[in-house]
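In these entries I record what I looked up about the way the parts of one protein chain meet. I then turn to its cysteines.

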Amino acid sequence: MLSPEENEMLCRVGPGTAMGNLMRQYWIPALLSSELPKPDCDPIRVMLLGEKLIAFRDSLGRVGLIQNHCPHRGASLFFGRNSDCGIRCVYHGWQFDVHGNCIDMPNEPKESDFKHKVKAVAYPCVERGGLVWAYMGPRKTPPPLPDIEVNQLPEGEYAIIPTMLECNWLQTVEGEIDTSHAGFLHFGSIQPEDTQEGTFLHYTVKDRAPRYAVVDTEYGCMYGAYRPAKPGYMYWRIANFLFPFFTQSPEGILGHHVITNAWVPMDDHHTMSFIMIRKSPDQDNWPKRHPLLGDSDKYPTVQTPMLPNTSDWFGRFRSALNSSNDYGLDRERQREGLDYSGIKYLPVQDRAVQESMGPIYDRTQEHLAVSDAMVIRVRRRLLSAIRALADKNITPPGVAQPEVYRTRSGSVILPEGVDWVEATRELRQAFVEHPEVLAQRP
Ligand code: FES
Ligand SMILES: [Fe+2]
């Protein structure tokens, strides 16, 4: 449970808010590179941390992320003409480059030097691994990009799945780091006899109340959720929260699974998720089917129907199954136990419960239990980082240490009684191959 003040502090991300200030210390994934497919292509509207911005790719291929309202008299630069190395406002023709410099002011007298005095807000952008990253913070020279493995794989070896969620960012992060929901929301209708002996799923549905170990790390927090596997062994699901809004999920083989999910606040009530995952032989069918589950109609499907993008501030990457149609809820399937929830698609199941909590959940009303240990720890870390920055100007975790992001998550079977952190140290290291773990897979 949080106080109303703490809840506000964690959830609000606009300019000048405590969490907004914390997030602006970091590079933020703003959009996909493919949303701006070529030089001088159509600009798009991007809502980021409560700020309305226009993204464009200039004649040299550089990405600009500029304030929506033209600095002259406020017309939207979305309508701008994108050519000749800048975006030109259609109202009076003022033109801005990717740095926000006014490079032409054709409605002013030739001798005027006013254009040198006008500057638009424009955030530095860099592209890596299919993403455009933006730096919206106070430093003159931005910090290094976080050393996230999946974001540095060669073209063709990774996939990015973008989806917008209609709720506050913290609900989406908390949904991700809450492992015990998997045995209900996703696999609640699957019985042990439906699964193959020795698989991770078998252990998951055999014991739906895992115990938790949670530790603080340099990048944020890590949990291990454990339950019995074969005699003398434990099945561990190990996952990460990485400052300020990244997660690494446990659905995959530790040592092989390469994933990072970004839960980027668009504003206080909308979140853009970018799921970045390494394609692998183990996931041939991915993203059609869940990597660990194989091909059965009883298992939830991962690929979900999407609506076509529009140019609206909230028109990008919307699910066709949403609150307006109860996420495709089918009571018959729920009753018959085809899906525990009656909602067919796995990511839609997550979205339905997270959005159903409301745009910003009132956390004074909740009752946290033992299974919420990771949620509690992550909130505590976030609050202490916010206060340290606000009160003592202490740089938050990971901003100046890109190397702390070199980590992995996943599932592993360990002998009972071993120190799980020590036993998995090697397997959790990013940029290291462990072909032996694939051979051991059940
Ligand atoms: S409002 Fe943009 S040039 Fe006048
Ligand atoms: Fe989930």
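**The interface between the domains**

I began with the area shared by the two domains: domain 1 and domain 2 bury about 1,800 Å² between them, and 65% of it lies on carbon and sulfur atoms. I note that I am reading a predicted model.

I next looked up the bounds. The domain assignment places domain 1 at 27–135 and domain 2 at 149–439. Taken over C-alpha atoms, the centres of domain 1 and domain 2 are 35 Å apart.

I then turned to the contacts. On the side of domain 1, 24 residues are in contact with 20 residues of domain 2.

**Polar and charged pairs**

I found nine residue pairs in polar contact across the interface of domain 1 and domain 2, both residues being at pLDDT 80 or more. Strand S1 (27–32), strand S2 (44–48), strand S3 (51–57) and strand S10 (131–135) each supply at least two residues of the side of domain 1 that touches domain 2.

I counted one salt bridge between domain 1 and domain 2. Arg316 forms a salt bridge with Glu35, and their closest N and O atoms are 2.7 Å apart.

**The cysteines**

How many disulfides does the count give? I recorded zero disulfides. I reminded myself that a disulfide is a covalent bond between the sulfur atoms of two cysteines.

Why does Cys41 not form such a bond? The closest cysteine sulfur to that of Cys41 is in Cys125, and at 13 Å it is too far for a bond; the cut-off is 2.5 Å. I also noted that Cys41 is buried, with a relative accessible area of 8%.

Conventions
Residues are numbered from 1 along each chain as its sequence is written. Chains are lettered from A and ligands numbered from 1 in the order in which they are written. This is a predicted model: local features need pLDDT of at least 70, side-chain atom pairs count only at pLDDT 80 or more; totals for chains, interfaces and linings use all residues. Side-chain values use heavy atoms; hydrogens and water are left out. Buried means under 20% relative accessible area, exposed over 50%, partly exposed in between (1.4 Å probe, protein chains only). Domain bounds come from an automatic or database domain assignment. Contact means heavy atoms within 4.5 Å. Buried area is the accessible area (1.4 Å probe) that two parts lose on being put together, summed over both. A salt bridge is a side-chain nitrogen of Lys or Arg within 4 Å of a carboxyl oxygen of Asp or Glu. A polar contact is a pair of N or O atoms within 3.5 Å; within protein, one must be able to donate a hydrogen and the other to accept it, and residues adjacent in sequence count only if both atoms are side-chain atoms. Helices (H or I, at least four residues) and strands (E, at least two) are DSSP runs, numbered from the N terminus.
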